[in-house]
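Visitor: I would like to go through this model with you, one question at a time, and hear the reasoning behind each answer.

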Amino acid sequence: MKSCRSNMNCIQEWPEPIVRVQSLSESGLDEIPSRYVKPPLERPLGGGLSATASENIDIPVIDLGGLSSGFGDTKGSCRLSPLSQQQQGTKATTAMMKKRISEACKEWGFFQVVNHGIDGDVMDQAREVWREFFKLPMEAKQRYANSPSTYEGYGSRLGVEKGAILDWSDYYFLHYLPSEIRDHRKWPSQPPYHREVTEQYLQQVTQLGTTLMKLLSLNLGLNPTRLLDAFGGEDDIGACLRVNFYPRCPQPELTLGLSSHSDPGGMTLLLPDPNVSGLQVRKDGKWVTVKPEPHAFIVNIGDQIQVPLFNLAQCFFSDFYCFIDFVEFAA
């Protein structure tokens with residue numbers, strides 16, 4: 001089965017006791033433990049991770065407002081909607097949007113989407129219920145503590161290497177699709193409406209993901225459902241949610257909330273913290289700080305779409321990911 005489970009291993013326990021980064025932050029320490037201190041070239045202001053200071057450089061922002069509401073329906077005809085009576089040149093507008101997506105994928109591998117069809121209230125409610133979860137007492141969150149066997153639940157590290165340098169963040173990871181591995185018992189029950197809000201949010205975000213995959217397929221000159229089918233089709237596509245929480249840090253110059261990496265899945269849709277520009281992407285050997293647009297999603301084309309597109313008939317696509325980020329402001 002093609003799903004997020006493809007990356008699981010058989011290790012059942014963490015190699016060391018888990019320490020919650022939020023607990024460290026709230027303890028009032030003046031220095032971070034050595035386990036979180038990155039090597040000099042991996043630090044935020046180190047030689048390898050210095051971000052460009054230019055205000056004019058950012059990932060492309062693409063307006064999806066010219067698409068019909070049914071475009072993302074996997075059973076639909078994938079047709080584009082006509083523009084309103086006040087708008088002209090439907091074909092030209094559509095062609096320009098597809099061209100910008102194609103250029104963004106080739107030049108960046110990242111872009112932001114606005115007018116994507118997901119109501120801003122749904123996005124705000126999803127942020128709020130997860131923010132409330134991380135505000136719960138530690139014993140309430142610990143009921144959902146995860147293990148390396150699936151990573152599903154409340155976590156504070158990835159990987160099982162003993163003595164590894166860790167990131168300054170906590171997270172919550174859960175499975176959404178395929179539906180047979182979705183287990184609401186592993187979803188937080190507090191606040192009381194948490195599961196309902198998260199379900200609504202994920203349903204709409206995965207619909208957006210199918211729309212974007214169709215656009216990528218069309219740009220490649222393929223059948224609109226080609227990439228979606230490679231992910232398993234409507235019935236077996238994999239989708240997961242990871243919510244990242246970055247607590248206050250007394251020495252942010254020494255550590256990272258999330259180390260530099262590429263996303264291993266097919267596509268990531270990130271709902272960033274609206275108040276902090278924390279995400280950086282690498283472009284032409286430099287790190288560029290992304291400036292989030294209001295109620296936009298940041299789209300990252302993952303390794304499994306970027307690398308093997310030249311041989312779609314033989315490549316294996318596993319899933320796409322939904323991320324929500326929270327940054328706690330320094331006092």
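Visitor: Is Q125 buried, partly exposed or exposed, and what is its relative accessible area?

Guide: This is a predicted model, and Q125 lies in helix 3, which covers residues 120-135. Buried means under 20% relative accessible area and exposed means over 50%. Q125 falls in between, so it counts as partly exposed, with a relative accessible area of 37%.

Visitor: Which residues is Q125 in contact with, leaving aside its neighbours within four places in sequence?

Guide: One of the residues to consider is Q200, which is 75 residues from Q125 in sequence and 10.0 Å from it in space, C-alpha to C-alpha. Contact is judged on heavy atoms within 4.5 Å rather than on C-alpha atoms. With neighbours within four places in sequence left aside, Q125 is in contact with V197 and Q200.

Visitor: Is F297 buried or exposed, and what is its relative accessibility?

Guide: F297 has its place in strand 9, residues 297-301. Not counting residues up to four places away in sequence, F297 touches F111, Q112, V113, H116, I118, M123, Y201, V205, L208, L269, L270 and L271. The threshold for buried is under 20% relative accessible area, and F297 therefore counts as buried, its relative accessibility being 0%.

Visitor: What distance separates the C-alpha atoms of F297 and F323?

Guide: Along the chain, F297 and F323 are 26 residues apart. In space, the separation of their C-alpha atoms is 9.7 Å.

Visitor: Which residues does V113 touch, not counting residues up to four places away in sequence?

Guide: V113 lies in strand 2 and counts as buried, at 0% relative accessibility. Its C-alpha atom is 9.7 Å from that of L269, a residue 156 positions away along the chain. With residues up to four places away in sequence not counted, V113 touches I62, L64, L208, L212, A296, F297 and V299.

Visitor: What share of the contacts in the protein chain with a separation of 6 or more comes from residues 24 or more positions apart?

Guide: The protein chain has eight helices and 10 strands, and of its 331 residues, 48% count as buried. Among contacts with a separation of 6 or more, the share from residues 24 or more positions apart is 78%.

Visitor: Which elements give two or more residues to the lining of the second largest pocket?

Guide: The second largest pocket holds about 790 Å³ of space and is lined by 32 residues, with Y151, L158, G159, R242 and P264 lying nearest its centre. The elements that give two or more residues to this lining are strand 4 (170-177), strand 5 (239-246) and strand 10 (320-327). Strand 4 gives the most, with three residues. The full set of elements asked for is therefore, by the numbering of strands from the N terminus, strand 4, strand 5 and strand 10.

Visitor: How do the residues of that lining divide into nonpolar, polar and charged?

Guide: Glycine is counted with the polar residues in this scheme, whereas tyrosine and proline are counted as nonpolar. On that basis, the lining of the second largest pocket divides into 15 nonpolar, 11 polar and six charged.

Visitor: Where is the cis peptide bond with omega about -5°?

Guide: The bond from L177 to P178 is also cis, but with omega near 0°, and P178 is found in the loop between strand 4 and helix 5 (194-219). P191 is likewise found in the loop between strand 4 and helix 5. The cis peptide bond with omega about -5° joins Q190 and P191.

Visitor: What value does phi take at D284?

Guide: D284 has its place in the loop between strand 7 (280-283) and strand 8 (286-289), and it is exposed, with a relative accessible area of 69%. N115, in the loop between strand 2 (110-114) and helix 3, has a positive phi near 50°. D284, a residue other than glycine, also has a positive phi, and its value is near 55°.

Visitor: How many disulfides are counted?

Guide: A disulfide is a covalent bond between the sulfur atoms of two cysteines. The rule applied here asks for a pair of cysteine sulfur atoms within 2.5 Å. Among the cysteines, C105 is partly exposed at 22% relative accessible area, while C249 counts as buried at 18%. By the distance rule, the number of disulfides comes to zero.

How values were computed: Residues are numbered from 1 along each chain as its sequence is written. This is a predicted model: local features need pLDDT of at least 70, side-chain atom pairs count only at pLDDT 80 or more; totals for chains, interfaces and linings use all residues. Side-chain values use heavy atoms; hydrogens and water are left out. On a 1 Å grid over the protein atoms alone, a cavity is a set of points where a 1.4 Å probe fits but cannot get out, and a pocket is an open set with protein on both sides within 12 Å along at least five of seven lines; lining residues have an atom within 4 Å of a point. Grid points are joined across faces, edges and corners, and a volume is the space filled by probe spheres set on the points. Helices (H or I, at least four residues) and strands (E, at least two) are DSSP runs, numbered from the N terminus. Buried means under 20% relative accessible area, exposed over 50%, partly exposed in between (1.4 Å probe, protein chains only).
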